[in-house]
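Here is a short tour to read with the model open beside you. We will go through one chain, then its two partners, and then the domains of a neighbouring chain.

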Amino acid sequence: MTIDLTALAAPDFWIGVGIVAGIYSIFSLGLQLNVGFTGILNFGQAGFMAVGAYAMAILILKLHWPAPAAIAASTAIAMLAGIVIGAASLRLSGDYLAMATIAAAQLVGGVAQNAAPLTGGNQGLLGYDAAWAALARWMLARLRAVGLGDQSQLPLFIVTWAIFGLALALLTGLRGTPWGRVLRAIREDEAAAAALGKNVFAYKLQSLAIAAALAALAGDLLALNITLIYPQSFSADVTFIGFAVLVLGGLGSFAGVALGSVLLWTVLEAASFVRLPLAADKVAAVQMLIVGLVLIAVMVWRPEGLRGKREEMVLRG
Amino acid sequence: MARATHATVLAVSIALILGIGAGGAIVTSSAIAAPGFTMTIGDLEPYTGDLGPLGAPADKAVKLATAQLNQAAKQAGLAVTFKMITADTRSDPQAALSAARQLIDQGATCLTGPASTPESLAILNSVTKARRIPMLPSASSVKLRTVDDGHTIFRTVPPDNLQARALVLAVRQQLGGAQGKTVAIGYQNSPYGEGLANTFKQSWTAMGGRIQGPFGYDPNQPSYDTEAGKIVAGGPDAFVFADFPDTFGKVSAALLRTGKFSATKLFVSDALAVSPIPATIPAAALNGAHAVNAGSPTGTPEAKAFNTLYLSAPGPKRSALDANNFDSGILCGLAAIAAGANTPSLIAAQLPKLSGPAGTPFTYLQLAAAMRALRAGTQIHYVGVSGPIEFNAQGDTSAGTYDLSTWKNGALVLVRQINAKE
Amino acid sequence: MLNAARRGTPSPADTRAAAVRAARRWIAAALAVAVAALLASRGVETAAQATINGLVTGTYFALGAVGLSLVFGVLRLVNFAHGDMLTFGAYVALLLNAALGWPIVPATLGGVLATAALAAASELAIWRPMRARRAGGFQLLLITVGLAFVIRNGVQLVAGADPLQLRLDVTTAVALPGGLRIGTVELWVVVTGLGALLAVATLLRYGRLGKEMRALADNLSLAEVAGIDTGRVILATWLFAGALAGLAGVLSSAAAGILTPNFGFQLLLSLFAATILGGIGNAYGALAGGLLLGFAEEWSTMFVDARWKLAVGFVILILTLLVRPNGLLGRPALK
């Protein structure tokens, strides 16, 4: 077993990891709001991500909307999807909600795959990133002035983490408001919150809609990163990796999500530098084995996450 | 990219200077004037995920190519060594992107693979186009040729439109015309299957033929009996399948169970054109069936030698596209020799020049001689194990020789060759 | 967790009996309408063949769903690793059959026993200690997700990602009257699978273990007070769930002919659907739910493109959750 660490020293590697980690941070912020702050087991986050990414691409490619409008609309459409799915399913208790949302996400995947005239089917959609490419070139020209011009992925890295920062600030701000306190009350004791005259259902719906919007933003960024979208990009594994990020960072901590995401993706990406004396398919199995072991280990030994508070773990569906 | 640009300028100057001298030098001692460098071929393959089964054979093919290149360089007295590094694309564009970055960071200057179009597009748009790093994917979709690749994508694998064209010709010949003949199409509901099925459908209906289906199915369905029933319903004149062996194994068992399926009416394309029939596909589903195989002449000396070479090395058995991946590896290496440097943009610029028909033909069996000729400034073209390689302006093979073969007793037997053109 | 689940499921006690009767009538009516529509619109033979195909897939679903349903019913645990337990059983049988040359029947038994052992091991190593620590539902759910990743990738680590197959001829079929056909192996799978299911369902319905399981499902602490050895009953539940998952894995992969490491996980959502459809914690229910789902998916192919077949399963899962979370056949008492 040897380890080739030369790539670890390259800024390129860290920018690449940083983009993916940033996308998953935004994605998991939504999960944090749902799971950590409202007590909603949203297992369909990848579905909202798909709705957002496809909405953006379709608006740009088929309706020729300008990119900023398409991105704004994609988050609105994902929120709408969140409201529709939430309105139907949020009265279900924890486990049932998990099943309903994951099935809804799979359904979104099925539509993406089989409604070819709209979604491009298996071939997916391509060519929606012209405006982004122009912006990236403009940013690169500015970066060149400070000697960072040859990192072609740096603009996306900056934009991704800027969006995460904004979302983080917004959610942290909301936490202290009466709205945020009601959410927490719901998570801790739904019946008590209802008894205080709070419309628990409406609050849960808002929480899910915001999470869906965050998933949509993550989806848009993912679409810009891989430059094409097709159904397999939004499999259920995306949601599960999001949950691994969430529990690593700790329930109830918005900033912790970023820590969890960077940590998990560094481990996942760096794991491919470990040259095990194994066939490659088996090496990749080791990688996903790590995700599973992280989930189990954290939940068994440190359920509050790496820097979360233990009392956050008492979650009633 | 300030440092890289300097390096490029330097490399070009060295190459030019040495190139001028090389013609004379080679006569006396070829080693004297040759610039020494180590070239790194980056092999991107899906070792896991849906395309997982394609990874190991492709990996082995590129490994063999690297070994051949090193051996030839030594014989030719060149101070050039070749290294191959590999990374898993996990059949996923996001992972493919990370894998590509990883290989490039480790010094890869020419990429073989990845195996699918989504992965290739992600890598192209995010990494290789901007840095002019050549990539030789084994994905065959037509979509890949229509994108603006800045002349960095080259394919030893013929695109699906040629494949579909060859399939159409084969079916038409077998049925004695297309007019009014019904072909039932089944395909794996994936980018590859859907793309090829639709391209075939268009060509066949354009010739006046009729289509039953196309019937898509998911690789992960618990059973395929209903789909099989629909495909054989009404007794179509021929069956065409666009699928990979793992799913087709399940589908073909269901086809046989209908009792209305006849292998002699079945036509399949490259991904399924495997010989001998793998254990995962019932032999009765393929014995007597016809395969249209992407330019893989079995009779040529290089193809026979490659077969021996491949089978004598440890690892997986022969499978679809292994010869094409081998050729991709060899082309990367020859282009680096032609460029005289381990610089991606120079290698990319040399790749089209290695394609036929201009120049002296060389196969991999004369690799050392080909290297010497390149160093001498002679124009050569590489004749692949998978057939002649002639890149068009899009870096695609614009015409292909296809083998129409039939499975007899579990192995493919060549019937005749089909020339498919755009 | 116990509280959580209880609060989420409605049905006050006094309406339970009425709800069950209503459910039965509702199903009967829906079935009758559906079958009538099928026969009227697409021809008897096509409908009959689709029904046979539905019986085959339905058997896979039912077999896979029983264990899921038992664990969900008794322990309130939605086991996301259940699909991968199917994979595990199938690969053990494959190892014994293809690599070690055992005949198919002992190899199947080996797969069943190994999966039962795996399930029991997970109870002893994870679930029992976690219960003792009063772990939250979210915690347990994510452990099952982690376990799913570990089992699936563990299998891939040992066996590789390449598809493999049992030593069975899956290409032959039995001709039935009226031009209908069913695969020979499929027929064996349906007979064995449904037989095993009925046996287990009857055992649990009338046997002492079944009664104890229902007591636990109703109220764990009350069952404890009543002198039931809850640890033993829960272990038995896992053994049953594992054995049935192993059997489901071997039988469905045997009939399909080919096996890859992600096959069980791909089946998981269908198993959820069958479980919910039949009502949780109820072996008869899982049987009915699985078959109903199989029929629905195959019948749907007569009206929409078969590519939507899997989506039909997801729609059924969502609709059942929304309309009747206790399942069409669910005993509301088993919450």
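## Chain A from the inside

In this predicted model, chain A has 317 residues, and 59% of them are buried. Its secondary structure consists of 13 helices and 4 strands.

How much of the contact network joins residues 24 or more positions apart? Of the contacts in chain A with a separation of 6 or more, such pairs account for 76%.

## How far to trust chain A

The mean pLDDT of chain A is 86, and 90% of its residues score at least 70. Taken element by element, helix α2 of chain A (residues 45–61) has the highest mean, at 96, while strand β1 of chain A (residues 2–3) has the lowest, at 57.

Please take some care with residues 312–317 of chain A, where the pLDDT is below 50. This stretch still has 28 contacts in the model beyond near neighbours in sequence. Where pLDDT is low, the predicted coordinates should not be read in detail.

## Where chain A meets chain C

Turn now to the contact between chains A and C: 42 residues come from chain A and 40 residues from chain C. On the chain A side, the elements that give two or more residues are α3 (67–89), α4 (94–114), α11 (236–249) and α13 (280–301) of chain A.

What kinds of residue does chain A bring to this side? Sorted by class, there are 30 nonpolar, 8 polar and 4 charged residues.

## Where chain A meets chain B

Chain A also touches chain B, with 32 residues of chain A in contact with 32 residues of chain B. Here the elements of chain A that give two or more residues are α1 (11–38), α10 (200–226) and α13. Which of them gives the most? That is α13(A), with 5 residues.

By class, the side of chain A that touches chain B holds 13 nonpolar, 14 polar and 5 charged residues. Helix α13 of chain A is worth finding on your screen, as it is listed for the side facing chain C and again for the side facing chain B.

## The two domains of chain B

The domain assignment divides chain B into domain 1, covering 2–158 + 300–391, and domain 2, covering 161–294 + 400–421. Taken over C-alpha atoms, the centres of these two domains of chain B are 32 Å apart.

Between them, 15 residues of domain 1 of chain B are in contact with 18 residues of domain 2 of chain B. The domain 1 side of this contact in chain B comprises 7 nonpolar, 7 polar and 1 charged residue.

Note on methods: Residues are numbered from 1 along each chain as its sequence is written. Chains are lettered from A and ligands numbered from 1 in the order in which they are written. This is a predicted model: local features need pLDDT of at least 70, side-chain atom pairs count only at pLDDT 80 or more; totals for chains, interfaces and linings use all residues. Domain bounds come from an automatic or database domain assignment. Two residues are in contact if their C-beta atoms, placed from the backbone, lie within 7 Å. Ala, Val, Leu, Ile, Met, Phe, Trp, Tyr, Cys and Pro count as nonpolar, Asp, Glu, Lys and Arg as charged, and the others, Gly among them, as polar. pLDDT is the predictor's confidence in each residue, from 0 to 100. A residue is buried if 20 or more other C-beta atoms lie within 10 Å of its own, exposed if 12 or fewer, and partly exposed in between; C-beta atoms are placed from the backbone.
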